[in-house]
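Biologist: Please take one part of this model and look at it closely. Start with what covers its buried residues, then work outwards to the surroundings.

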Amino acid sequence: MPVEGRLALALLAACVAAYALTPVAARAAARWRFYDAPAGYKGHAAPTPYLGGAAVMSAFVLVLVALAAGVDGRRTAALAAGVAILWVVGTVDDRRTVPPGCRVAVEAALAAGSWALGLGWDTGLGAAVDLVLTVAWVVLVVNALNLFDNMDGAASTMALVVGLAIAALGALADDPWAAAAGAALAGACLGFLRHNLATPARIFLGDGGSMPAGFVVATLTMTAASAAAPGAQALPAGLLLVGLLLVDTTLVVLSRRRRGISILTGGRDHLTHRARRHLGTPRRVAVALGTTQVLVCAAGVTVARGPVALAVVGAVAYLALAAVGVGLLLAEEQRLAAPAPGAQSE
């Protein structure tokens, strides 16, 4: 099957599967009383079922195995195993908290195993460098997408856009495995969004979805970028493919450190919450941030297929714009938190 046909079939099949499986997951969550109860900073008004991640990841793995196992069975098995393990860890975390150190240890172990099986960075800088980069990348991206799962549609929209970019890179690099895997991720997220972006949301992704989806994003960005770009040029491309996720994580870490609170504390200080103050609804936020990520991913694909000079310029431009954006948002946060002129403290 031509790579374009495999891509289209994976996208459609995963979308249909996730759309059909999500109500099943919601009923299972209701039966087992597996709900996210509204509390503290959380914005939903009523208990909402978890287990959306079970539907999304099941659809992804089913299509991955059906369309990609025949192309590369080893990479398919490694990716599916990582998804299954992190689905278990994330689902347990949705029910009762898993210590952060334990989560990071599992992510790091999966990253090292994935690298050994050909699913890590291949920068040409040596095996030790590639291994360290792979472990750091997986831990960073998994937790970045997990942090971004703070509003209806946010994490799924990001994974959808990144999946499409990976599929495009796979097609351009004539890598049918990456093309099918990226399209399957995008399709699974698209099928889920119809339920997650309802008003109100019918089901949440949960850590059981955001953690394995983050692992897929991390793994496929490394694989696709390394296949499409020579040597270390793959790194700027990969950076751009997850550009908005890394900006959000940087913003949240700096904001919470400046306020003297733990970075593990939940709060309404993400890009999503800041955007909602201006846009009003989660659906508008998802569209706006998703569109922004489309532009960043397009730059990543261009960098991967262009000359080395373009990769350098693209990386520098991204880092500069990200720094300016984070700085402006932190300044706005400080301005909004400052007491009004003439106000008296008690």
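Modeller: Take helix H11. The cover over the buried residues of H11 includes helix H5 (127-148), helix H6 (154-172), H10, helix H12 (282-305) and H13. Contact here means heavy atoms within 4.5 Å. Helices (H or I, at least four residues) and strands (E, at least two) are DSSP runs, numbered from the N terminus.

A word on the source. This is a predicted model, in which local features need pLDDT of at least 70 and side-chain atom pairs count only at pLDDT 80 or more, while totals for chains, interfaces and linings use all residues. Residues are numbered from 1 along each chain as its sequence is written, and side-chain values use heavy atoms, with hydrogens and water left out.

Now the residues under that cover. Leu271, Thr272, His273, Arg274 and Ala275 of H11 are buried. Buried means under 20% relative accessible area, exposed means over 50%, and partly exposed lies in between (1.4 Å probe, protein chains only).

H13 deserves a separate look. The axes of H11 and H13 cross at roughly 65 degrees and come within 12 Å. Axes are lines fitted to C-alpha atoms, for helices over the stretch in contact, and angles run from 0 to 180 degrees between N-to-C directions. H11 passes H13 in a left-handed crossing. A crossing is left-handed if the near helix is turned anticlockwise from the far one by less than a right angle, and right-handed if clockwise. On the H11 side, Leu271, Arg274, Arg277 and His278 make the contact; H13 brings Leu329, Glu332, Glu333 and Leu336. By class, the residues of this contact divide into 3 nonpolar, 1 polar and 4 charged. Ala, Val, Leu, Ile, Met, Phe, Trp, Tyr, Cys and Pro count as nonpolar, Asp, Glu, Lys and Arg as charged, and the others, Gly among them, as polar.

H13 also holds valine 316; the helix spans residues 308-337. Valine 316 is exposed, at 52% relative accessible area. Its C-alpha atom is 37 Å from that of glycine 73, a residue 243 places away along the chain.

Next, the ends of H11. Just after H11, glycine 280 takes a positive phi of about 95 degrees. On the other side is histidine 270, in the loop between helix H10 (243-258) and helix H11 (271-279). Histidine 270 is buried, with a relative accessible area of 3%. Leaving aside residues up to four places away in sequence, histidine 270 touches Leu147, Asn150, Asp248, Val252 and Arg256.

Arg256 leads to aspartate 269. These two form a salt bridge, with their closest N and O atoms 2.8 Å apart. Aspartate 269 sits in the loop between H10 and H11 and arginine 256 in helix H10, so the pair ties together parts that are 13 residues apart in sequence. A salt bridge is a side-chain nitrogen of Lys or Arg within 4 Å of a carboxyl oxygen of Asp or Glu. Both partners are buried; for aspartate 269 the relative accessibility is 5%.

Aspartate 269 has another partner. Arginine 259 forms a salt bridge with aspartate 269, the closest N and O atoms being 2.5 Å apart. Arginine 259 and aspartate 269 both lie in the loop between H10 and H11, 10 residues apart. Arginine 259 is partly exposed, with a relative accessible area of 43%.

The structure holds 8 salt bridges. Elsewhere, Asp72, Arg75 and Asp175 are linked in a network of them. In that network, the side chains of aspartate 72 and arginine 75 meet at 2.7 Å, N to O. Arginine 75 is buried, at 13% relative accessible area.

Glycine 280 has a positive phi; so do two residues that are not glycines. Leucine 51 has a positive phi of about 80 degrees. Leucine 51 lies in the loop between strand E2 (48-49) and helix H2 (52-68), and counts as buried at 10% relative accessibility. Aspartate 174 has a positive phi of about 55 degrees. Aspartate 174 lies in the loop between H6 and H7, and counts as exposed at 60% relative accessibility.
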